[in-house]
Amino acid sequence: MKMVIAYIQPESLNAVKQELYSREIYKLSITNALGCGQQKGYHESYRGVDIEVNLLKKVRIAIAVNDSFVDATIEGIIAGARSGEIGDGKIFVLPIEQTIRIRSGETGSEAIG
């Protein structure tokens with residue numbers, strides 16, 4: 001079992017979801033995030049004052065998958081989020097030690113579904 005965490009551009013979210021759905025990956029958690037990397041932010045003028053914005057809006061996608069779905073999940077995220085520009089995002093793959101479905105008490109790969 002693995003936890004796949006991806007940080008992507010907000011405008012890529014629908015494309016990523018469609019790519020994941022086409023690979024039969026339906027269970028995911030999405031949160032808004034702020035961050036910076038190579039983009040390093042931008043400068044903006046507000047009421048005549050120069051402001052440096054270095055935390056950019058991103059979307060964090062977390063998907064718990066069984067080992068057989070890891071490659072398909074990564075491929076789906078890349079297919080939906082890649083534009084070739086700086087700031088497309090990052091994907092992290094972490095091991096999951098244990099999973100328990102609260103409703104039924106199932107554990108392990110059966111709990112992920």
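This passage describes the pockets, a surface patch, the salt bridges and selected residues of a predicted model.

The largest pocket of the predicted model holds about 290 Å³ of space. Its lining is made up of 14 residues, and those that lie nearest the centre of the pocket are Gly37, Lys58, Gly87, Gly89 and Lys90. Strand S6, which spans residues 89-95, supplies the largest share of this lining, with three residues. In terms of residue character, the lining of the largest pocket divides into four nonpolar, six polar and four charged residues.

The second largest pocket has a volume of about 160 Å³. It is lined by Glu24, Ile25, Tyr26 and Lys27, by Ile63, Ala64, Val65, Asn66 and Phe69, and by Ile112 and Gly113. The element that gives the most to this lining is strand S5 (residues 56-65), with three residues. Seven residues of the lining of the second largest pocket are nonpolar, while two are polar and two are charged.

Glu24, one of the residues lining the second largest pocket, is placed in the loop between helix H1 (13-22) and strand S2 (29-35). The backbone of Glu24 has a positive phi of about 60°, although this residue is not a glycine. Most residues other than glycine have a negative phi. With a relative accessibility of 57%, Glu24 counts as exposed, because the cut-off for that class is over 50%.

Strand S5, which contributes three residues to the lining of the second largest pocket, also contains Ile61. In contrast to the exposed Glu24, Ile61 has a relative accessibility of 1% and therefore counts as buried, the limit being under 20%. Ile61 and Glu97 are separated by 36 residues in sequence, and their C-alpha atoms lie 20 Å apart in space.

On the surface, a nonpolar patch is formed by Tyr46, Val49 and Ile51, which together have about 270 Å² of accessible area. Of these patch residues, Tyr46 is found in strand S3 (residues 42-46). The relative accessibility of Tyr46 is 46%, so this residue counts as partly exposed, a class that lies between the limits of 20% and 50%.

Two salt bridges are present in the structure. Side chains of opposite charge can pair when their charged atoms come close. One salt bridge joins the side chains of Glu19 and Arg23, with a distance of 2.6 Å from N to O. Glu19 has a relative accessibility of 27% and is therefore classed as partly exposed, and Arg23, with a relative accessible area of 25%, is likewise partly exposed.

The other salt bridge is formed between Arg101 and Glu106, whose closest N and O atoms are 2.6 Å apart. Arg101 is partly exposed, with a relative accessible area of 21%, a value that lies above the limit of 20% under which a residue would count as buried. Its partner Glu106 has a relative accessibility of 31% and is also counted as partly exposed.

Key:
Residues numbered from 1 in each chain as written. Predicted model: local features only at pLDDT ≥ 70, side-chain atom pairs only at ≥ 80, totals over all residues. Heavy atoms only, no water. 1 Å grid on protein atoms, 1.4 Å probe; cavity = no way out; pocket = protein on both sides within 12 Å on 5 of 7 lines; lining within 4 Å. Points joined across faces, edges and corners; volume = space filled by probe spheres on them. Helix = DSSP H or I, 4+ residues; strand = E, 2+ residues; numbered from the N terminus. Nonpolar A, V, L, I, M, F, W, Y, C, P; charged D, E, K, R; others polar. Patch = residues over 30% accessible without salt bridge, like charges linked within 9 Å, V, L, I, M, F, W, Y side chains within 5 Å. Areas by Shrake-Rupley, 256 points an atom, 1.4 Å probe, with all protein chains shown as cover. Salt bridge = Lys/Arg side-chain N within 4 Å of Asp/Glu carboxyl O. Buried < 20%, exposed > 50% of the residue type's maximum accessible area, 1.4 Å probe, protein only.
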